Amino acid sequence: MQFDVFTLFPAVFIPYLEASILQRARAGGLLDVHLHDIRTWTTDKHHVTDDAPFGGGGGMVMKPDPVFAAVEDVLGAPPACPLILMTPQGRTFTQKVAEELAVLPRIGLLCGHYEGIDERIRQHLVTDEISIGDYVLTGGELPALILMDAISRLIPGVLGDPDGAMDDSFAMGLLEYPQYTRPAEFRGWGVPEVLLSGNHARIARWRREQALLRTLLRRPDLLENASLSDADRKYLKKVQSEVDPGASQGP
Ligand code: ADE
């Protein structure tokens, strides 16, 4: 998978890309990140990348010319792959969107900055717009890193454990079950007995029920779209009546 990132601040990406799993993925040839400094494609003496908005008002707007030149130079015209603008106005990034993008061989990411970008970039260059949540950051660099991180770990071979991404919160439509590791007793706090039992069927059922319980308590909205077995529904009904005994009795 190759990412081509168009940004005014390429340096902010480097420490994260050079650490841990993403570094290993890059070293192993599973991930290739090319950082392109938009400023390189300015043609004026002062390398200006932003200007005041037509119509007045505060703030600065990213100019279209260096952005078009950078993208067309690197990705071709028309671009050889999708070009995603990171913006709070985009569709919300979710695990499902990460899965959708993880199958692509190459993705361009455009990081907005200042108060906005010239609308012609949005209309005539960008093919998709993604937001990482309903809050506004100073630029698209952190959102681009988040997107690359979430997508990269879905590429086969990037995680040490091939099933690692499958048990994740959200991947199975539920929040993840609680995890424990050694020591079996820490400051007097133990580990659920079932996890030490060696009984894999019991462990699998316990984990499933814990995932269901956690999702019910913290993110009940996720249960609407999760794929649930009859046993899951029965368990949820039982715990729901324990949490709120009046719930199933009507007014
Ligand atoms: N740029 C600024 N805020 C953003 C957000 N929430 N998502 C994506 N890009 C952004």
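**Loops, cores and a helix pair**

With a relative accessibility of 38%, Phe170 comes out as partly exposed. This is a predicted model, and Phe170 sits in its loop between H6 and helix H7 (200-218). Setting aside residues up to four places away in sequence, Phe170 touches Gln95, Leu175, Arg219 and Leu222. Asp221 is 51 residues away from Phe170 in sequence, yet the C-alpha atoms of the two are 12 Å apart in space.

The loop between H6 and H7 also holds Pro183. A cis peptide bond links Arg182 to Pro183, with omega at about 5°. As for aromatic pairs, a search of the whole structure turns up one. Its partners are Phe186 and Trp189, with ring centres 5.9 Å apart and planes at 50°, so the pair counts as tilted. An angle under 30 degrees would have made it stacked, and one over 60 edge-to-face. Trp189 is exposed, at 56% relative accessible area, while Phe186 is partly exposed at 44%.

Next come the helices. Two packed helices are described by the angle between their axes and the distance between the axes. Helix H4 (residues 95-102) packs against helix H6 (residues 141-152) at an angle of about 70°, and the axes are 9 Å apart. That puts H4 roughly perpendicular to H6, since the range for that label is 65 to 115 degrees. On the H4 side, the contact is made by Ala98, Leu101 and Ala102, which meet Leu147, Ala150 and Ile151 of H6. Sorted by type, the residues of this contact are six nonpolar, no polar and no charged.

Leu147 and Ile151 turn up again in the largest nonpolar core, which has 29 residues; together with Phe3, Phe93 and Leu109, they touch the most other members. Strand S1 (2-7), helix H2 (20-27), strand S5 (83-92), H4, strand S6 (106-111) and H6 each chip in at least two residues, and H6 gives the most, with six. Phe3 has a long list of partners once neighbours within four places in sequence are left out: Leu31, Asp32, Val33, His34, Ile107, Leu109, Leu147, Met148, Ile151 and Ser152. There is also a second, separate core of 18 residues, with Cys81, Leu110, Ile121 and Val126 among them.

Strand S5 is also where Thr87 is found. Thr87 is buried, with a relative accessible area of 9%. Beyond its neighbours within four places in sequence, Thr87 is in contact with Arg122, Glu129, Ile130 and Ser131.

A few backbone oddities round out the picture. Most residues other than glycine have a negative phi, and most peptide bonds are trans. Besides the bond before Pro183, a cis peptide bond joins Ala77 and Pro78, this one with omega at about 0°. Pro78 belongs to the loop between helix H3 (64-75) and S5. Ser20, which is not a glycine, has a positive phi of about 50°. Ser20 is part of helix H2 and is exposed, with a relative accessible area of 60%. His47 also has a positive phi, near 55°. His47 lies in the loop between strand S2 (32-37) and strand S3 (50-51), where it is partly exposed at 39% relative accessible area.

Terms used
Residues are numbered from 1 along each chain as its sequence is written. This is a predicted model: local features need pLDDT of at least 70, side-chain atom pairs count only at pLDDT 80 or more; totals for chains, interfaces and linings use all residues. Side-chain values use heavy atoms; hydrogens and water are left out. Axes are lines fitted to C-alpha atoms, for helices over the stretch in contact, and angles run from 0 to 180 degrees between N-to-C directions. Helices (H or I, at least four residues) and strands (E, at least two) are DSSP runs, numbered from the N terminus. Angles under 35 degrees count as roughly parallel, over 145 as roughly antiparallel, 65 to 115 as roughly perpendicular and the rest as oblique. Contact means heavy atoms within 4.5 Å. Ala, Val, Leu, Ile, Met, Phe, Trp, Tyr, Cys and Pro count as nonpolar, Asp, Glu, Lys and Arg as charged, and the others, Gly among them, as polar. Rings of Phe, Tyr and Trp (its six-membered ring) pair if their centres lie within 6.5 Å; planes under 30 degrees apart count as stacked, over 60 as edge-to-face and the rest as tilted. Buried means under 20% relative accessible area, exposed over 50%, partly exposed in between (1.4 Å probe, protein chains only). A nonpolar core is a set of buried Ala, Val, Leu, Ile, Met, Phe, Trp, Tyr and Cys residues joined through side-chain atoms within 4.5 Å.
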